[in-house]
Amino acid sequence: MEYLTVDVFKAMLNRALEEIAAHEDEFSQLDAVIGDGDHGNAIVTALSAVVKSVSAATEFKSMLNDMGFSVMLETSGSTSTLLGAFFLGMSDCVSGTRLDVAGVKSMFAGGLAGVEKQTPAREGDKTMMDALIPAVTAIQNCNSNDIRELMLRAADAAIQGAKATVQMKANYGRARNYGERSVGYADSGASSWSTMFYAFAQSVMNN
Ligand SMILES: [Mg+2]
């Protein structure tokens with residue numbers, strides 16, 4: 001796949017919503033170990049707002065901007081703030097109706113930069129950053145000219161990153177209050193964000 005089109009990107013997000021909704025209870029159960037148990041509902045609600053905002057979009061910058069603002073306006077809490085920042089950050093770094101490999105790389109780099117402005121968490125802190133940072137790094141480091149290959153590498157890295165959170169102790173957010181109790185369970189946000197990248201890869205493989 002040489003170019004990522006707006007339609008393929010919409011399909012990726014629809015697939016992500018389906019996959020995340022299928023695992024909603026699992027994300028809430030993980031969140032309940034060390035938090036308030038609302039993550040499944042929060043991420044499904046946030047991604048639903050994203051998907052709902054895109055139907056008429058024909059180019060990347062305004063589509064991603066609408067996605068970011070929709071999720072922030074329609075839902076509240078850290079999940080929607082981070083997801084909104086991801087799409088707004090992406091919007092800052094794209095133009096046009098289709099993206100080549102360089103365009104896809106800068107879109108995801110922009111998404112990460114947007115999220116980094118919203119959270120002090122970095123890799124190893126047992127948050128969604130443990131899925132997002134490896135995924136975006138894998139995209140940047142991939143030398144393929146096939147966008148499917150970029151998304152496969154991202155999904156692998158995000159899934160490995162989420163798995164690694166099982167051994168970590170939470171350092172940020174409400175979860176840090178539970179300290180050692182967080183060890184032995186994956187972070188709910190890292191799990192949901194890795195599921196999103198898994199769904200992105202699945203979707204582009206079918207396009
Ligand atoms: Mg929660």
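Begin by selecting helix α6 in this predicted model and colouring its buried residues: Val 101, Val 104, Met 107, Phe 108, Gly 110, Gly 111, Leu 112, Gly 114 and Val 115. These buried residues pack against β1, α5 (78–92), β2 (98–99), α7 and α8. The ends of α6 are a suitable place for a distance label: its end C-alpha atoms are 23 Å apart, which agrees with the 22 Å that its 16 residues should span at 1.5 Å a residue.

Continue along the chain to the loop between α6 and α7, and select Lys 126 there. Is Lys 126 buried or exposed? Lys 126 is buried, because 29 other C-beta atoms lie within 10 Å, and the cut-off for a buried residue is 20 or more. The backbone also deserves inspection at this position, since phi of Lys 126 is near 65 degrees, a positive value in a residue other than glycine.

The next selection is helix α8, residues 147–164. Its 18 residues reach 26 Å from the first C-alpha to the last, close to the 26 Å expected at 1.5 Å a residue. Which residues of α8 are buried? They are Ile 147, Leu 150, Met 151, Leu 152, Arg 153, Ala 154, Ala 155, Ala 157, Ala 158, Ile 159, Gly 161 and Ala 162. To view what covers them, display the surrounding elements, including β1 (4–5), α6 (101–116), α7 (129–141) and α9 (188–205).

With α8 still in view, turn to the largest nonpolar core, which has 68 residues. The members that touch the most other members are Leu 132, Ala 135, Ala 154, Ala 155, Ala 158, Phe 197 and Phe 200. The largest share of this core, 10 residues, comes from α8. Centre the view on Ala 155: leaving aside its neighbours within four places in sequence, Ala 155 is in contact with Phe 197, Tyr 198, Phe 200 and Ala 201.

Select α9 next. How many of its 18 residues are buried? The count is 16, and α9 is thus described as mostly covered. From its first C-alpha to its last, α9 reaches 26 Å, close to the 26 Å expected at 1.5 Å a residue.

Now move to Val 8, which is found in helix α1 (residues 6–22). Val 8 counts as partly exposed, because it has 17 C-beta neighbours inside 10 Å. Not counting residues up to four places away in sequence, Val 8 touches Val 204 and Asn 207. A distance label from Val 8 to Cys 93, 85 residues apart along the chain, shows their C-alpha atoms separated by 18 Å.

A pair of helices follows: select α2 (residues 24–34) together with α3 (residues 39–52). They pack at an angle of about 130 degrees, with their axes 6 Å apart. The two helices are therefore oblique to each other. On the α2 side, Glu 24, Asp 25, Phe 27, Ser 28 and Asp 31 meet His 39, Gly 40, Asn 41, Ile 43 and Val 44 in α3. The residues of this contact divide into three nonpolar, four polar and three charged.

The final stop is Glu 74, in helix α4 (residues 60–74). Its 16 C-beta neighbours inside 10 Å are the reason why Glu 74 counts as partly exposed. To finish, place a distance label between the C-alpha atoms of Glu 74 and Glu 149: the two residues are 75 residues apart along the chain, and the separation is 34 Å.

Terms used
Residues are numbered from 1 along each chain as its sequence is written. This is a predicted model: local features need pLDDT of at least 70, side-chain atom pairs count only at pLDDT 80 or more; totals for chains, interfaces and linings use all residues. Helices (H or I, at least four residues) and strands (E, at least two) are DSSP runs, numbered from the N terminus. The expected span of a helix is 1.5 Å times one less than its number of residues. A residue is buried if 20 or more other C-beta atoms lie within 10 Å of its own, exposed if 12 or fewer, and partly exposed in between; C-beta atoms are placed from the backbone. Two residues are in contact if their C-beta atoms, placed from the backbone, lie within 7 Å. A nonpolar core is a set of buried Ala, Val, Leu, Ile, Met, Phe, Trp, Tyr and Cys residues joined through C-beta atoms within 7 Å. Axes are lines fitted to C-alpha atoms, for helices over the stretch in contact, and angles run from 0 to 180 degrees between N-to-C directions. Angles under 35 degrees count as roughly parallel, over 145 as roughly antiparallel, 65 to 115 as roughly perpendicular and the rest as oblique. Ala, Val, Leu, Ile, Met, Phe, Trp, Tyr, Cys and Pro count as nonpolar, Asp, Glu, Lys and Arg as charged, and the others, Gly among them, as polar.
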